[in-house]
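The following exercises ask the reader to work through a structural model step by step. Each task is followed by its solution.

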Amino acid sequence: MDVRIIVETTSETGEKRTEELCSLSLTDQCHSELGLNLEQGKAILSQLQGSILRHQIEEISAASRTCPCCGRSRFVHDYRTRVLDTLFGRFRLKVPRRRKCSCRKGQSELLSPFAQVLRDRVTPELRMLQAELGARHSFREAARILETFLPCAKQQNTTVRNRLGKVAKDIANAQPPICDTLSANPPTVFIDGAHIRCRPEYQKRHLDVVVGKIETHDMCRRFGLAPQAAPSPAAQLRRDLDALGWDGQRPVTVISDGEAALPNLIRGATNGKIKHILDWWHISMRVQHVETAIKGLVQRKDFPATTAILMTPVETLRWNLWHGKIQVAGTHLQWMMFDCARLAKYRLAVRDQAQRALARCHDLHSYLASNMGSLVNYGERYRSGLPISTSRAEGCVDDIGNARMGKRRRMRWSPRGAHNVAVTRAAALDGRLTVSNTTIAA
């Protein structure tokens, strides 16, 4: 079977152009191989892209010949060769530059009608695809995927990395879409930190990357940033809050694990209008450590006291914290610390177990005392259907941090590189990475 592909274009003026694109002979193919194979499809796409580009340049060049002010014709000054990277190949285009019209001598005017179109020498679709693949895979793997499935030019991992950085900068500087209606409820921010390996020239072992999710009753938005490299973490988080319809007045609920730097980022973005809640999961884990240590102590055969002295307060500790009875829980903790300290002075067989239980109790008491203002009635919030843990943020740690920059990747990062990947990957996971995000404003 012989196949002939012909391209016919019609300009705005009605002029038609016909060009034979290519001819294929499919007679030698086996009956099991139907249609085009990958290489044939890539070749046809590349030729089709080149044909359309040539016709577009001719049409734009003809339209730019007439002066928009006086209607007189402008002569060609010269021709210049420009290289344009597209999804379907790299093309060398011969584009004209026009002379200035005599009616516009005193005004500045671009001589080339392609100055803005070919500004970055790459189409927005290619930049978007390079950024998304670079955020989801390693830079070398992203380049290999592009070369495998598209007839684009040979891809370099450095090119993918640099263009991802430009896209991340565009996303960070982009103004959020204007919400028609403000959110009925103030948003809730789930925030956590991830640790990734740092490059040796920065003289530190790990970098901190802040990730999380902002949720309202009907919308959600992920975010990621490296505070050391972000131009303004507060401004970036404020844009994310504005995109979800925050009115700037009501306090934002922030749920974190107790690290003071995390809610401070949201506090700076909202001018202090936050309500911080300590994550219940971290409280529960510390309570479990206390329960395990106390049970191990009282179950010893040589325990020199009544088991109810320690078991009664430890059995009600979790219940009191769950129902917001913080003072009662603190009192019970102090009782247990006093009894464990007294038992730590006993004979050697009990001393080690008592000191271990005392350390667990002291750790929980210090944790609660440092976050006293962030403790709430968790049972009431749970029954009302409100969140009480940072499980959403933990998921973002896996999706944004560990999946792309985790230790198993065996890659070390600079603060700027980690920030760019975190911003772009959060946008890709949310579906916000579109061609409009990758287009630089003129």
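Helices (H or I, at least four residues) and strands (E, at least two) are DSSP runs, numbered from the N terminus. The model under study is predicted.

**Exercise 1. Locate Arg 72 and classify its accessibility.**

Step 1. Arg 72 is found in the loop that lies between helix H1 (38–63) and strand S3.
Step 2. Partly exposed residues fall between the limits of under 20% for buried and over 50% for exposed. At 44% relative accessibility, Arg 72 therefore counts as partly exposed.
Step 3. Along the chain, Arg 72 and Cys 103 are 31 residues apart, and their C-alpha atoms are separated by 9.3 Å.

**Exercise 2. Determine which strands pair with S5, and in which direction each pair runs.**

Step 1. Strand S5 covers residues 188–197. Seven of its 10 residues are buried, so S5 is largely enclosed by the rest of the structure.
Step 2. S5 and strand S6 (residues 206–215) run antiparallel and are joined by 10 bridges. Within this pairing, His 195 has Asp 208 in S6 as its bridge partner.
Step 3. S5 and strand S8 (residues 252–256) run parallel, with three bridges between them. Here the bridge partner of Val 189 is Val 254 in S8.

**Exercise 3. Examine three salt bridges, stating where the partners lie and whether they are buried or partly exposed.**

Step 1. The structure holds 22 salt bridges. In one of them, the side chains of Arg 97 and Asp 78 meet at 3.0 Å, N to O. This pair links distant parts of the chain: Arg 97 belongs to strand S4 (residues 89–98) and Asp 78 to strand S3 (residues 76–86), 19 residues apart. Arg 97 has a relative accessible area of 19% and is buried, because the limit for that class is under 20%.
Step 2. Arg 127 forms a salt bridge with Asp 170, and their closest N and O atoms are 3.1 Å apart. Distant parts of the chain are again linked, with Arg 127 in helix H2 (residues 124–136) and Asp 170 in helix H4, 43 residues apart. Both Arg 127 and Asp 170 are buried.
Step 3. Arg 238 and Asp 242 meet through their side chains in a salt bridge of 3.2 Å, N to O. Both residues lie in helix H5 (residues 233–243), four residues apart, which is about one turn of the helix. Arg 238 counts as partly exposed at 27% relative accessibility, and Asp 242 likewise counts as partly exposed at 29%.
Step 4. Salt bridges with shared partners also join Glu 15, Arg 17 and Glu 58 into one network.

**Exercise 4. State how many disulfides the structure contains, and explain why Cys 22 is in none.**

Step 1. A search of the whole structure finds zero disulfides.
Step 2. For Cys 22, the closest cysteine sulfur is in Cys 152, and the distance of 19 Å is too far for a bond. Cys 22 is buried, at 11% relative accessible area.
Step 3. Cys 361 is in no disulfide either, the nearest cysteine sulfur being that of Cys 340, 4.8 Å away. The cut-off that decides the matter is 2.5 Å between sulfur atoms. Cys 361 is buried, with a relative accessible area of 0%.

**Exercise 5. Describe the linings of the second largest pocket and of the largest cavity.**

Step 1. The second largest pocket has a volume of about 360 Å³. Its lining is made up of 18 residues, and those that lie nearest the centre are Phe 139, Arg 161, Met 411, Trp 413 and Gly 417.
Step 2. Two or more lining residues come from each of helix H3 (139–149), helix H4 (157–173) and helix H13 (415–430). H4 gives the most, with six residues.
Step 3. By class, the lining of this pocket divides into five nonpolar, eight polar and five charged residues.
Step 4. One cavity of 30 Å³ or more is found in the whole structure, and the largest cavity has a volume of about 30 Å³.
Step 5. The largest cavity is lined by Asp 85, Arg 90, Gln 130, Lys 154, Gln 155, Gln 156, Thr 159 and Arg 163. This lining holds four polar and four charged residues and no nonpolar ones.

How values were computed
Residues are numbered from 1 along each chain as its sequence is written. This is a predicted model: local features need pLDDT of at least 70, side-chain atom pairs count only at pLDDT 80 or more; totals for chains, interfaces and linings use all residues. Side-chain values use heavy atoms; hydrogens and water are left out. On a 1 Å grid over the protein atoms alone, a cavity is a set of points where a 1.4 Å probe fits but cannot get out, and a pocket is an open set with protein on both sides within 12 Å along at least five of seven lines; lining residues have an atom within 4 Å of a point. Grid points are joined across faces, edges and corners, and a volume is the space filled by probe spheres set on the points. Ala, Val, Leu, Ile, Met, Phe, Trp, Tyr, Cys and Pro count as nonpolar, Asp, Glu, Lys and Arg as charged, and the others, Gly among them, as polar. Buried means under 20% relative accessible area, exposed over 50%, partly exposed in between (1.4 Å probe, protein chains only). Two strands pair if DSSP finds at least two bridges between them. A salt bridge is a side-chain nitrogen of Lys or Arg within 4 Å of a carboxyl oxygen of Asp or Glu.
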